[in-house]
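I sat down today with a fresh page to look up a few things about packing and cysteines. Here are my notes, in the order I made them.

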Amino acid sequence: MKWRELTVSVPDYGSCVGPLLFLLYINDLPNCLSNCEPRIYADDTHLTYAGDNADNIQVHLNQDLENVHSRLIANKLTLNMTKTKCMLLGSRQRLSILTEYPTLAINELQVSLVTTAKSLRVTIDDVKLDWSGHIVKVTKKVASGIGAIKRIRCIVPQATLHLIYQALIQPHFDYCNIVWGNCGITVLLRNKLQKTTK
């Protein structure tokens, strides 16, 4: 085995030191922010800013996005612009009176404005915050898994079917259900999700 000097980047082939080195790279990111509140989980970073109007939001967010870009360049890191999105959260009334939306850019590349986004695989929307988009996706995944179990139930022992259910279907219900699981019994989609398992 040959030793090599690593001057840039982090080894990404199942090494034990890789995650630690990445955390050393990324954990001081909040130090370059002057307006936004960061939320960092591994390599997933969200910047949050609350403002009174679109101009205020645009100025302050663009300032911090420029700070982030400069920091990434200095540390020889890159930002995946295809995964970089912006979402305005607010009441339907507040969002309806906006005459124009803030324009955000990183290194002169415009950040896409979206109405739904995924945060750690949980889908949220900009107005209702009722998790309907997430429940629809979970329902499709669960229905697909249950369909597969129904097709093999006559040739696979009951105990094995139970293990398959616990491995392939139950995790969809359990993942972040403390966030989206309390969406209210009146939501028709939640009823649909419950019917999928029957």
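Before starting, I fixed my term: a nonpolar core is a set of buried Ala, Val, Leu, Ile, Met, Phe, Trp, Tyr and Cys residues joined through side-chain atoms within 4.5 Å. I also kept in mind that this is a predicted model.

**Entry one: the cores.** Which residues make up the largest nonpolar core? I found 10 residues in all: Cys-36, Ile-57, Leu-61, Leu-65, Cys-86, Leu-88, Leu-95, Leu-104, Ile-106 and Val-111. Helix 2, residues 54-74, gives the largest share of this core with 3 residues. Another core lies apart from it and has 8 residues, including Val-10, Leu-29, Leu-33 and Leu-77. A reminder to myself: nonpolar side chains tend to be buried together in soluble globular proteins.

**Entry two: Cys-86.** I picked this member of the largest core and looked up its contacts. Beyond its neighbours within four places in sequence, Cys-86 is in contact with Leu-104, Val-111, Ser-112, Leu-113 and Val-114.

**Entry three: Arg-71.** Is Arg-71 buried or exposed? Its relative accessible area is 10%, so I wrote it down as buried, since buried means under 20%. Arg-71 is in helix 2. With residues up to four places away in sequence not counted, Arg-71 touches Tyr-25, Ile-26, Asp-28, Leu-29, Cys-32 and Leu-77.

**Entry four: the cysteines.** How many disulfides does the count come to? I got 0 disulfides, taking a pair of cysteine sulfur atoms within 2.5 Å as the rule. Cys-154 has a relative accessible area of 69%, so I noted it as exposed. Cys-176, at 25% relative accessibility, went down as partly exposed.

Technical notes: Residues numbered from 1 in each chain as written. Predicted model: local features only at pLDDT ≥ 70, side-chain atom pairs only at ≥ 80, totals over all residues. Heavy atoms only, no water. Buried < 20%, exposed > 50% of the residue type's maximum accessible area, 1.4 Å probe, protein only. Helix = DSSP H or I, 4+ residues; strand = E, 2+ residues; numbered from the N terminus. Contact = heavy atoms within 4.5 Å.
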